[in-house]
Amino acid sequence: MRIAAFLALLMTLAATVWAGQALWEEWHKDRATAPERTTLAREPEPQPPAEALPPRDWPQLFGEKMPPKATLNPPASDDEPEPPKAKAPPIDALGYTLKGVVRADGAVWAMVSHPTGELIIREGDVLEAGLVVARIDEQGLWAGPEDEAPQLLGFSKDENSPAD
């Protein structure tokens with residue numbers, strides 16, 4: 001068995017040497033007979049004169065400048081009443097709940113819970129963008145936009161608390 005493997009090895013080596021020799025001869029034969037490559041300067045193709053070319057009518061990249069369009073609706077006059085502003089949503093709907101009120105040395109503080117965290121606020125503080133605390137009393141916290149009547153945020157009725 002070893003003799004057969006040795007003979008197969010010798011035949012493979014002989015075939016490899018023969019293929020390498022053929023490649024070597026082919027490579028040198030092409031180099032010896034190949035003419036030197038020179039870059040031939042291309043002659044420019046004849047072009048029609050510039051006057052004969054039609055002007056290019058391509059659209060502008062950012063559009064064409066146009067005069068302003070006339071408005072179909074006249075501007076609102078001062079006599080027309082403005083539509084009413086949308087009412088602010090109830091404070092309860094914004095996720096706020098009143099947890100407690102603290103009175104100390106004449107100051108009144110309210111503890112308010114929100115899904116983003118707990119707050120301790122007093123009169124004049126901003127509860128949320130546009131919601132200013134107007135007053136805090138026994139009923140609860142009164143807050144709302146400055147130009148509207150404040151809304152009451154009362155104490156939450158828990159199921160576990162005793163009935164009143």
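A salt bridge here is a side-chain nitrogen of Lys or Arg within 4 Å of a carboxyl oxygen of Asp or Glu. By that yardstick, Arg-135 and Asp-137 pair up in this predicted model, with their closest N and O atoms 3.7 Å apart. The structure holds three such bridges.

Asp-137 sits in the loop between β5 (131-136) and β6 (140-144). With a relative accessible area of 18%, Asp-137 is buried, while its partner Arg-135 is partly exposed at 36%. The Asp-137 side chain also reaches the backbone nitrogen of Gln-139, at 3.1 Å. Beyond neighbours within four places in sequence, Asp-137 touches Val-101, Arg-103 and Trp-142.

Arg-103 turns up again in a bridge of its own, to Glu-138, at 3.3 Å from N to O. Since Glu-138 belongs to the β5-β6 loop and Arg-103 to strand β1 (residues 97-104), this pair ties together parts that are 35 residues apart in sequence. Glu-138 is exposed, at 65%, and Arg-103 partly exposed, at 48%.

The remaining bridge joins Glu-26 to Lys-29, with 3.9 Å between the closest N and O atoms. These two are three residues apart in helix α1, so about one helical turn separates them. Both are partly exposed, Glu-26 at 40% and Lys-29 at 47%.

Helix α1 spans residues 2-33 and includes Ile-3, which is exposed at 64% relative accessibility. Ile-3 joins Phe-6, Leu-7, Leu-9, Leu-10 and Leu-13 in a nonpolar surface patch, together offering about 610 Å² of accessible area.

As for confidence, pLDDT averages 80 over the protein, and 83% of the residues score at least 70. Among the elements, α1 has the highest mean pLDDT (90) and strand β4 (residues 126-128) the lowest (82).

Notes: Residues numbered from 1 in each chain as written. Heavy atoms only, no water. Patch = residues over 30% accessible without salt bridge, like charges linked within 9 Å, V, L, I, M, F, W, Y side chains within 5 Å. Areas by Shrake-Rupley, 256 points an atom, 1.4 Å probe, with all protein chains shown as cover. Helix = DSSP H or I, 4+ residues; strand = E, 2+ residues; numbered from the N terminus. Buried < 20%, exposed > 50% of the residue type's maximum accessible area, 1.4 Å probe, protein only. Polar contact = N/O pair within 3.5 Å; in protein donor to acceptor, adjacent residues only side chain to side chain. Contact = heavy atoms within 4.5 Å. pLDDT = per-residue confidence, 0-100.
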